[in-house]
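Here are some short exercises to work through at your own pace. Keep the viewer open and try each task before reading its solution.

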Amino acid sequence: SPKSLSDSVRASAISLDAVLDRMTLTIGACSRLEVGDVLPLANADAGRLSLCAETVHGSVAIGTGELGVWERQRAVKFSTPVCESFVQAIR
């Protein structure tokens with residue numbers, strides 16, 4: 001039934017990525033990366049992370065957050081609601 005399918009989708013686990021910045025590199029440049037190399041994050045805003053969920057259709061942006069500490073562990077605090085398009089897709 002549609003309700004049981006929706007419940008099953010909601011109970012499924014997905015990967016959630018907290019992304020500080022994205023950059024484009026050639027495959028050749030990636031193959032030459034070595035321990036100690038530094039990649040500048042020109043567009044990074046330390047107070048804002050993009051939160052993305054890995055779905056069967058690829059990575060989907062679901063909101064933004066900020067890096068912090070909770071109960072002495074690193075954590076991400078949501079700073080925007082989950083995108084309505086993501087919520088609609090699982091209903």
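**Exercise 1.** Is alanine 75 buried, partly exposed or exposed?

*Solution.* Keep in mind that this is a predicted model. Start with the value: alanine 75 has a relative accessible area of 24%. Next, recall the cut-offs: buried means under 20%, and exposed means over 50%. Alanine 75 is therefore partly exposed.

**Exercise 2.** Find the element that holds alanine 75, then list the residues it touches beyond four places away in sequence.

*Solution.* First, locate the element: alanine 75 lies in strand 4, which spans residues 73–78. Then look around it: leaving out residues up to four places away in sequence, alanine 75 touches Glu66, Leu67, Gly68, Val69 and Trp70.

**Exercise 3.** Work out how strand 3 is paired with strand 4.

*Solution.* Begin with the direction: the two strands run antiparallel, and six bridges join them. Pick out one pair: valine 69 has arginine 74 in strand 4 as its bridge partner. Finish at the turn: strand 3 and strand 4 form a hairpin with two residues between them, and glutamate 71 in this turn has a positive phi of about 50°.

**Exercise 4.** Now trace how strand 2 is joined to strand 3.

*Solution.* Strand 2 (residues 49–55) and strand 3 (residues 58–70) run antiparallel, with seven bridges joining them. At one position, threonine 55 stands opposite glycine 58 of strand 3. The connection is a hairpin through two residues.

**Exercise 5.** How many Å separate the C-alpha atoms of alanine 75 and threonine 26?

*Solution.* Along the sequence, the two residues are 49 residues apart. In space, their C-alpha atoms are 32 Å apart.

How values were computed. Residues numbered from 1 in each chain as written. Predicted model: local features only at pLDDT ≥ 70, side-chain atom pairs only at ≥ 80, totals over all residues. Heavy atoms only, no water. Buried < 20%, exposed > 50% of the residue type's maximum accessible area, 1.4 Å probe, protein only. Contact = heavy atoms within 4.5 Å. Pairing = 2+ DSSP bridges.
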